[in-house]
Protein chains: 2
Amino acid sequence: MTRRSRPPEPTVRPRIRVSRAEEILLGPGKADLLEAIRRSGRLRGAADELGMSYMRAWKLVQMLNRGFREPLVRTERGGAGHGKTTLTPMGESVLALYRTMERSSLAAIDPAWKRLKSLLAS
Amino acid sequence: MTRRSRPPEPTVRPRIRVSRAEEILLGPGKADLLEAIRRSGRLRGAADELGMSYMRAWKLVQMLNRGFREPLVRTERGGAGHGKTTLTPMGESVLALYRTMERSSLAAIDPAWKRLKSLLAS
């Protein structure tokens, strides 16, 4: 008996990019970083999860924090929670709005996507 | 009198990416190439317009043509129109569906975008 691997299904993904002039303020990568920070509670853990260096993650957090009215990410400096990194309420709001944009976009493109998909080579 | 330059307005852009496994079948760059081909009627002209090499444009066209049920782009090989490059009806349909997805996405994300925008640093 032979096993044939079926070709993988085509997918569509809206990658929402918020920018000002040449600077990208928020996009899929930064949103994933916010989510990983929320999940792991540590910047090191979030960086590892996304396969990026600690320094890269740290720089992205600085950019995120500068881009909004209040910081999105906060790191505890002392005490029992030293080094613990969490989203601020502003960070939670921004991440939620970003995911809402992704979901709204995906729902809105579905009719045209179904037609486009039918034109793809099988 | 001093002139102050106002900071540029933040913008949002949904970059719609159609892929299968690791291969990107259609995205903003390939859509722009299709549009430039339609506009200029020459692959060379389209490549120049987008600041890409002729070889790069040619490779992208090959990928596009392989990715769909019928070619999206056709080049005339002889006669008076030799070298003229145009979109096929399939190419026109695919480009139109892609632009529809972009417009639908942009309209759908507008409510969340307005809220997110109000959280950006000014």
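**Notebook: a predicted two-chain model**

I first read chain A from the N terminus, and its elements run β-β-α-α-α-β-β-α. That order holds four helices and four strands. For both kinds of element I relied on DSSP runs numbered from the N terminus, with helices being H or I of at least four residues and strands being E of at least two. I noted that this is a predicted model, in which local features need pLDDT of at least 70, side-chain atom pairs count only at pLDDT 80 or more, and totals for chains, interfaces and linings use all residues. Residues are numbered from 1 along each chain as its sequence is written, while chains are lettered from A and ligands numbered from 1 in the order in which they are written.

**Entry 1: overall form of chain A**

I looked up the radius of gyration of chain A and found 19 Å, whereas a compact globule of 122 residues would have one near 14 Å. This radius is taken over C-alpha atoms, and the globule rule is 2.2 Å times the number of residues to the power 0.38. Along the principal axes, the C-alpha atoms of chain A fill a box of roughly 60 × 45 × 25 Å. I then checked burial, and 30% of the 122 residues of chain A count as buried. A residue is buried if 20 or more other C-beta atoms lie within 10 Å of its own, exposed if 12 or fewer, and partly exposed in between, with C-beta atoms placed from the backbone.

**Entry 2: the hairpin**

I turned to strands E1 (residues 10-20) and E2 (residues 23-26) of chain A, which run antiparallel and are joined by three bridges. Two strands pair if DSSP finds at least two bridges between them. Across this pair, A:Ser19 stands opposite A:Ile24 in E2(A). The hairpin has two residues between its strands, and A:Ala21 takes a positive phi near 50° there. I marked this value since A:Ala21 is not a glycine. Most residues other than glycine have a negative phi. A:Ala21 is exposed, with 9 other C-beta atoms within 10 Å. In chain B, I found phi of B:Ala21 near 50° as well, again positive.

**Entry 3: helix H1**

In chain B, I followed helix H1 (residues 28-40), whose 13 residues reach 18 Å from first C-alpha to last, close to the 18 Å expected at 1.5 Å a residue. The expected span is 1.5 Å times one less than the number of residues. Within H1(B), the buried residues are B:Lys30, B:Ala31, B:Leu33, B:Leu34 and B:Ile37. They cover an arc of only 160° around the axis, which puts them on the same side of H1(B). The arc is that of the directions from the helix axis to the C-beta atoms. Among the elements of chain B that they pack against are helix H2 (43-50) and helix H3 (54-67). Just after H1(B), B:Gly41 takes a positive phi of about 75°.

In chain A, I selected A:Leu33, which is in helix H1 (residues 28-40). A:Leu33 is buried, with 24 other C-beta atoms within 10 Å. Leaving aside neighbours within four places in sequence, A:Leu33 is in contact with A:Ala46, A:Leu50, A:Ala57 and A:Leu60. Two residues are in contact if their C-beta atoms, placed from the backbone, lie within 7 Å.

**Entry 4: the two copies**

Finally, I asked which rotation superposes chain B on chain A. It is one of 180°, with 0.0 Å of shift along its axis (RMSD 0.0 Å). That is the relation of a two-fold axis. The superposition is by least squares on the C-alpha atoms of residues with pLDDT of at least 70 in both copies. I also noted that 100% of the interface residues of chain B are interface residues in chain A too, so the copies meet through the same surface.
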